[in-house]
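Please open the model in your viewer and keep the selection panel at hand. The tour below moves from one selection to the next and says what is to be found at each stop.

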Amino acid sequence: MRVILHVDLNNFYASVEMKLDPSLKGKFVGVCGSIENRHGIILAKSENAKKMGVKTGMVIKDALKLCPELVLVEAKHDKYISYSNLVRDIYRKYTDKIEPFGIDECWLDVTNSVKMFGSGEEIAEQIRQTVKNELGLTVSIGVSFNKVFAKLGSDYKKPDAITVISNDNYKNLVWNMGVENLLFVGRSTKQKLEKLNIKTIGNLAITDSDFISKKFGKWGETLQTYAKGEENSEVLLDEEHSEIKSVGNSITSYRDLVTLDDVKIVLTILSESVSARVNDYKIGKPDTLTLFVRDSELVSITRQVKLDYPSCLAEDYEKTAYQLFIKNVKGKFSIRSLGVSVSGFNKGDEQISFDSLNYDKKSKLNDAVSDIKHKYGNESLLKGIVLKDKKFMKEDPKTEHVVHPDGHL
Ligand SMILES: [Mg+2]
């Protein structure tokens, strides 16, 4: 079962304004396009202004009638964008599957992070606290098994709250809600549904599906899947929204690496995981590899080298990273962390070299290995060297220890 979070920053614009100017705290705050313009509208409001009846989209003078103490501030979009990015940096500690929905909401697929960080609810709690402590902003989070229910959860209780919608409680929780709470049910769909006596999400879920598709067509069928909890679209990868400059992973091993065989094992795991991600992202072949080494005294080095030819292959990364290691780490060593990243993606033509002639053949083998791992798990096919110490494989490096492409590696 997937674990999906929907995180919603509460009263985002107004909260950022209060961060930038703490004297606004406790006051009734209305954010608007331009204060000069008396016909301007309210873009966002603080929690207490909301309680006074101030609504987004309201003309300023109407808002002032409802809430005479309203303090108007001009929207600072560049600041909202930078706060939004800071919040996403926090999400990236848990997953690279982050799909923004506007500037203040994101879906996160944390299915593969549960082993490392705890249940969906625990991850939500960590995110709630971190965003609050580090940025002084509150979030409401829905935890569920699909995007639509996660979104319902973040709306259910706010601000500064977490709601879990599980297989056990969704009929009690979701099915009693008005149908208008469902994602993409606007006012007119709501009216049409209500005319047919479909008032709650539960009503929609249990209505005869032929009836729904006759009345609403394909769109109705889609909405009914939402109501039934059968929506199953993927949370998009964060990287799909921005150009990827590098792909890398690092591992802090459970014990120090003291032999070249130890190093080879970890570089094998890292190279395979980086190669798998490069192939997943379909962003062409990188021509540069970077090796990161940190020893048990926490001294670190970073070394970069051009690959012999642009490549998506794990074995090329492994070979290059190992050569870099041997060249740069002399004598006795005790290594705490290793990282491998690749960059310089080139989608265009490349020079043909002797080695690259073999590329197609190797590439097919590489794909076959990825497919088997995808189907049967990461442990199904390990290179002999890795079997020397299987503890290194406790976690799947493709989905954990993920270093964000724009990261420092
Ligand atoms: Mg919000």
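The stops that follow cover two sheets, a metal site, two helix pairs and some backbone details.

Before selecting anything, note that this is a predicted model, in which local features need pLDDT of at least 70 and side-chain atom pairs count only at pLDDT 80 or more, while totals for chains, interfaces and linings use all residues. Residues are numbered from 1 along each chain as its sequence is written, and side-chain values use heavy atoms, with hydrogens and water left out.

**The five-stranded sheet**

Begin with the open sheet of five strands, whose order is E5-E6-E1-E7-E8 and whose pairing is mixed; helices (H or I, at least four residues) and strands (E, at least two) are DSSP runs numbered from the N terminus, and two strands pair if DSSP finds at least two bridges between them. At the edges stand E5 (98-100) and E8 (161-164), each with a single partner strand, so one side of each has no neighbour in the sheet. From one strand to the next the twist averages 15 degrees, with axes taken as lines fitted to C-alpha atoms (for helices over the stretch in contact) and angles running from 0 to 180 degrees between N-to-C directions.

Now select residues 139-144, which form strand E7 and run parallel to E8, joined to that strand by four bridges. Within this pair, Val-143 lies opposite Val-164 of E8. Is E7 buried or exposed? Six of its six residues are buried, so E7 is largely enclosed by the rest of the structure; buried here means under 20% relative accessible area, exposed over 50% and partly exposed in between, with a 1.4 Å probe and protein chains only. Colouring the two faces separately shows Val-139, Ile-141 and Val-143 on one side and Ser-140, Gly-142 and Ser-144 on the other, all of them buried.

Add residues 4-9, strand E1, which pairs with E7 in the antiparallel sense over six bridges. Leu-9 has Val-139 of E7 as its bridge partner. From E7 the chain passes through helix H7 (residues 147-156) to E8, and this β-α-β crossover is left-handed; a crossover counts as right-handed if, with the strands pointing away from the viewer, the path from the first strand over the helix to the second runs clockwise.

**The magnesium ion**

Which protein donors does the magnesium ion have? They are Asp-8 (OD), Leu-9 (O) and Asp-104 (OD), at 2.2 to 2.4 Å from the ion, where donors are N, O and S atoms within 2.8 Å of the metal (3.2 Å for Na, K and Ca), and sites may look incomplete because water is not among the atoms. Along the chain these donors follow the spacing D-L-x94-D. Asp-8 is buried, with a relative accessible area of 5%, and Leu-9 is buried as well, at 3% relative accessibility.

**The three-stranded sheet**

Move next to the open sheet of three strands in the order E3-E2-E4, again with mixed pairing. Its edges are E3 (42-45) and E4 (71-74), each with a single partner strand, so one side of each is left without a neighbour in the sheet. Neighbouring strands of this sheet are turned by 35 degrees against each other on average, direction ignored.

E2 and E4 pair in the parallel sense over four bridges, and Gly-30 stands opposite Leu-72 in E4. Select Cys-32, which is found in strand E2 (residues 29-32) and is buried at 0% relative accessibility. The C-alpha atoms of Cys-32 and Glu-74 are separated by 5.2 Å, although these residues are 42 apart along the chain.

**Two helix pairs**

Show helices H4 (residues 77-91) and H6 (residues 120-135), whose axes come within 10 Å and cross at roughly 140 degrees. H4 and H6 are therefore oblique to each other, since angles under 35 degrees count as roughly parallel, over 145 as roughly antiparallel, 65 to 115 as roughly perpendicular and the rest as oblique.

Then show helices H12 (residues 260-281) and H13 (residues 314-328), whose axes come within 8 Å and cross at roughly 140 degrees. That angle makes H12 oblique to H13.

**Backbone details**

Finish in the loop between H7 and E8, where Pro-159 is found; the peptide bond from Lys-158 to Pro-159 is cis, with omega near -5 degrees. Asp-160 lies in the loop between H7 and E8 and has a positive phi, near 55 degrees, in a residue other than glycine. At 25% relative accessibility, Asp-160 counts as partly exposed.
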